Every structure is written in C-alpha cells, then in structure tokens.
Amino acid sequence: MLIHSSGVHDYEILKYIAGWTEEPRFGVKEALELITTQETPNFNPGTEFSFSWSNILLASVVIEKAAGMPFNDYMEQYIFAPLGMNNTFVLEASNQHSTKLALSYRPSAEGVIEPITSRKETYATIGIVSSIADMTKWELHLMTPSPASKPGFAFF
C-alpha cells in the first residue's frame, strides 16, 4: 500500500464513477464502502504502480486498528505533540472551521463573497493541516531523529 502497488482502486475515482458529489458528505465510511465493494483489483498487487488515495486511507485504518485509537488521536499523541508541532492537526468535520485554516471564497449568486464550506473528513495525509514552522520541525526530525522517537513506528 505504501508504495502504491496494491492494485486497490482509488476511492476518489470510484466516488465520481458512482455519482457522488460533495453533497451529501463523503467521508471515510463511504470511501471504505466503495473500496471494499470492488470485485477485482486494478491490477495484481506488486505488478504495477498506480497512485491511489485508497492506499493512504487504508494505511490510516491499519494505524487505527493497531493503535486501538482514532487516527487523529494517534497522530497527535505520537507524532505532532512529541515533535512540538502545535499548529498541525488532522482535518475532521469537527475542526473544519478552525481559526488555523485558510478559507476558500467564492461569489454567491447575489455577488457577495462568502467562504466555501469544506466537506472533507479524515482522509489521512490529504487531511493533515500544518504550518511552515511545523513542517520544518518534521523535516528536521526526518534528517536527524531524536532519542524520543520510538523504533518501529512508520512515521519515525
């Protein structure tokens, strides 16, 4: 999954084929349903490469199951907090209006500029919000891991 040779279909493509739009909310549950109802893989695992958001989502589900906690809690407890990444979080329905997010805007039918409400939920890495300062901490850690790093964790 992590090198995108699983053959698992990309849920972003599947959702458009299935006719999903941004209404109603499309979340992890719906993505997993689309992934698990596919009768055959895109290709035999290990035989080809094809980037798939499904691989990343499934990796986050594996982390949840192995850690026995939600992905966002795991990331906060074992990644963000130990590295001092205080302006980094996993985007969820409950924090989409955080003051730490830049908003997108568009004109309404009346010509009033209004924010576009995001309908994304936890999508693993495509739902991680961070600052430049926090990303610098991440990069520095990757170059020189600290003694606080726990061996065996995929992100360290």
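## Starting from Leu34

Leaving aside its neighbours within four places in sequence, which residues is Leu34 in contact with? In this predicted model, the partners are Tyr11, Leu14, Lys15, Ala18, Trp20 and Phe26. Leu34 itself sits in helix α2, and it counts as buried because its relative accessibility is 13%, where the cut-off for buried is under 20%.

There's also a pairing with Glu12 to look at. Leu34 and Glu12 are 22 residues apart in sequence, and their C-alpha atoms lie 9.6 Å apart in space.

## The whole chain

Let's step back for a moment. The protein chain has five helices and four strands. Reading from the N terminus, the order is α-α-α-α-β-β-β-β-α. In other words, four helices come before the four strands, and a helix follows them.

The chain has 156 residues, and 33% of them count as buried. What about contacts between residues at least 6 apart in sequence? Of these, 65% join residues at least 24 apart.

## The two sides of α2

Back to helix α2, which covers residues 28-36. Which of its residues are buried? They are Ala31, Leu34 and Ile35. Looking down the axis of α2, you'd find these buried residues within an arc of 100 degrees, so they line one face of the helix.

Turn to the other side of α2 and the picture flips: Lys29, Glu33 and Thr36 are exposed there. As for the buried residues, what covers them includes α1 (residues 11-17) and α3 (residues 53-67).

## Where α2 meets α3

How do α2 and α3 cross? Their axes come within 11 Å and cross at roughly 115 degrees. Angles of 65 to 115 degrees count as roughly perpendicular, and α2 and α3 are therefore roughly perpendicular to each other. The crossing of α2 past α3 is left-handed.

On the α2 side, the contact is made by Val28, Ala31, Leu32 and Ile35. Ser54, Leu57, Leu58 and Val61 do the job for α3. Sort the residues of this contact by type and you get seven nonpolar, one polar and no charged. Ala31 and Ile35 turn up here as part of the contact, having already been listed among the buried residues of α2.

## His4, ahead of the helices

Now for a backbone detail. Most residues other than glycine have a negative phi. What is phi for His4? It is near 60 degrees, a positive value in a residue other than glycine.

You'll find His4 in the segment before α1. Is His4 buried or exposed? With a relative accessible area of 10%, His4 is buried.

## Met85, in a loop

Further along the chain, Met85 has its place in the loop between α4 (residues 71-80) and β1 (residues 89-90). Loop or not, Met85 counts as buried, because its relative accessibility is 3%.

So what is Met85 in contact with, leaving aside its neighbours within four places in sequence? The partners are Phe80, Ser130, Asp134, Lys137 and Trp138. Another residue to look for is Ser131: Met85 and Ser131 are 46 residues apart along the chain, with 8.6 Å separating their C-alpha atoms.

Technical notes. Residues numbered from 1 in each chain as written. Predicted model: local features only at pLDDT ≥ 70, side-chain atom pairs only at ≥ 80, totals over all residues. Heavy atoms only, no water. Buried < 20%, exposed > 50% of the residue type's maximum accessible area, 1.4 Å probe, protein only. Helix = DSSP H or I, 4+ residues; strand = E, 2+ residues; numbered from the N terminus. Arc of directions from axis to C-beta. Contact = heavy atoms within 4.5 Å. Axes fitted to C-alpha atoms, helices over the stretch in contact; angles between N-to-C directions. Parallel < 35°, antiparallel > 145°, perpendicular 65-115°, else oblique. Left-handed = near helix turned anticlockwise from the far one by under 90°. Nonpolar A, V, L, I, M, F, W, Y, C, P; charged D, E, K, R; others polar.
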